[in-house]
Amino acid sequence: MTTVRVRLTLIYSGLFLLTSVILLVTVNLLLRQALDKRIAGLPVAPVAPLPGVPNDRPPRLPELVDEVINYQWGVTALTVGILALVSVVVGWLVAGRILRPIHRITATAQRLSLSTLHERIALVGPKDELKELADTFDAMLDRLERSVEGQRRFIANASHELRTPLAVQRAAIEIGLPEDVGEIRDKLLLHNRRTESLIDALLVLAQAEHGLENRVPVTLDRVVRLVLAEGGSDDVTVTTRIEPFVVEGDPVLLNRLVTNLVDNAVRYNHPGGTVEVTLSHGVLTVVNTGPEVPRERFGDLFEPFRRLHTAREQGAGLGLSIVASIAKAHKAEVRASPNPGGGLEVVVDFAGHRSSYDDIQV
């Protein structure tokens, strides 16, 4: 596949060569015609043989004209070859200079992320089509930056405004209700905790969807061990095989990613089941036993509010969607496949995003 620069070079050199060839051929043909006309108009005088000189036939003017024209065509062919090389070099340089603003626009677009939306192309030069394209791109970045900042402020305000009344509600339930309404009290507390968990999950999902502002080296193996130490279940056996790995990212979001994977593997399991957690060469794999997942439902695994089971006690349906969003923010690949005999195998591939061990955070 040829690039735009190559195509422009071919167009420039082709037009230049076509014009040069037409010009040189026209000059040669006109020169031949002019010489023939001048020779035809010259008077022919007899030439007496000189004494002692052989009576050889003197060269005729038409033959001399043919020699001159043949020499001219040879020079023309050499000139066209040299012009071909020069036109390709000049066309390549000119095309590169013309496309330089486009390369700058492309480099800026590839470098942009939610943490670098303040950058602009700021192209200087004449008011041409490329300057108009760069200014339009900068204006789009201005609107996008304002939109992202507005969404961030909304998330921060929602986090405060939603959590505060829920905390007050939980305190009122725990303190204000008498002991003789224990069943109602427990049910209210259960719904309160579910609402808090749902709000926390939605805020994490929104944060992950907005990308990462700052990336720091995180020891992923330490995060996995910490999550496994804090979680688990008496009904499910968890086995691990963890190798050291460091990734650039957000330690809080990575902790939530691992937590959701392990919690889902434990929650969607059966008594006496197993969960196998593996971290090898930057690939985190969580395999669990449990009910079989129909292949037609695999498209719903990473969608928000999609439950494979109808029981609301299983959760809000945000676990794996949060995993997918956090993985995407860390430029990791997520895939799931059925585990033979029931259950799932979920893989998060961080390979290619290894970090150094300097300034590591958990």
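A residue counts as exposed when its relative accessible area is over 50%, as buried when that area is under 20%, and as partly exposed in between. With this scale in hand, a tour of the structure, which is a predicted model, can begin at a loop. K331 has a relative accessible area of 57%, and therefore K331 is exposed. This lysine sits in the loop that links α7 (319–329) to β6 (333–338). The backbone of K331 also deserves a look, since its phi is positive, at about 55 degrees, although K331 is not a glycine.

A second loop offers a companion case. H281 is placed between β4 (274–280) and β5 (283–288). The phi of H281 is near 55 degrees, again a positive value in a residue other than glycine. With a relative accessible area of 60%, H281 is exposed.

Stepping back, the protein as a whole can be introduced. It contains seven helices and seven strands, and these follow one another along the sequence in the pattern α-α-α-α-β-α-β-β-α-β-β-α-β-β. Of its 362 residues, 31% count as buried. The accessible surface comes to about 22800 Å², and carbon and sulfur atoms account for 60% of that area. Contacts that reach across the sequence are well represented: among those between residues at least 6 apart, 70% join residues at least 24 apart.

The helix α1 covers residues 4–40. Is its length in keeping with its number of residues, or out of keeping with it? At 1.5 Å a residue, the 37 residues of α1 should span 54 Å, and the C-alpha atoms at its ends are 54 Å apart, so the two values agree. Several residues of α1 are buried, namely T9, S13, S20 and N28.

N28 makes a good place to pause. Its relative accessible area is 2%, well within the range that counts as buried because the cut-off is under 20%. Which residues does N28 touch, once its neighbours within four places in sequence are set aside? The contacts are with I69, Q72, W73 and T76. With T76 there is also a polar contact, in which the two side chains are joined at 2.8 Å.

The view from the other partner is just as informative. T76 belongs to helix α2, and at 8% relative accessibility T76 counts as buried. Leaving out residues up to four places away in sequence, T76 touches L24 and N28. The polar contact thus has a buried residue at either end, because N28 has a relative accessible area of 2% and T76 one of 8%.

Helix α2, which runs over residues 61–111, also holds V90. What is the setting of this valine, buried or partly exposed? V90 is partly exposed, since its relative accessible area is 42%. V90 also contributes to a nonpolar surface patch of about 490 Å², which is made by L78, I82, V86, V90, V94 and I98.

The last stop is helix α3, residues 129–176, where A171 is found. A171 is partly exposed, as its relative accessible area of 32% shows. Along the chain A171 and L189 are 18 residues apart, and their C-alpha atoms are separated by 9.5 Å.

Definitions and conventions
Residues numbered from 1 in each chain as written. Predicted model: local features only at pLDDT ≥ 70, side-chain atom pairs only at ≥ 80, totals over all residues. Heavy atoms only, no water. Helix = DSSP H or I, 4+ residues; strand = E, 2+ residues; numbered from the N terminus. Buried < 20%, exposed > 50% of the residue type's maximum accessible area, 1.4 Å probe, protein only. Contact = heavy atoms within 4.5 Å. Patch = residues over 30% accessible without salt bridge, like charges linked within 9 Å, V, L, I, M, F, W, Y side chains within 5 Å. Areas by Shrake-Rupley, 256 points an atom, 1.4 Å probe, with all protein chains shown as cover. Salt bridge = Lys/Arg side-chain N within 4 Å of Asp/Glu carboxyl O. Expected span 1.5 Å × (residues − 1). Polar contact = N/O pair within 3.5 Å; in protein donor to acceptor, adjacent residues only side chain to side chain.
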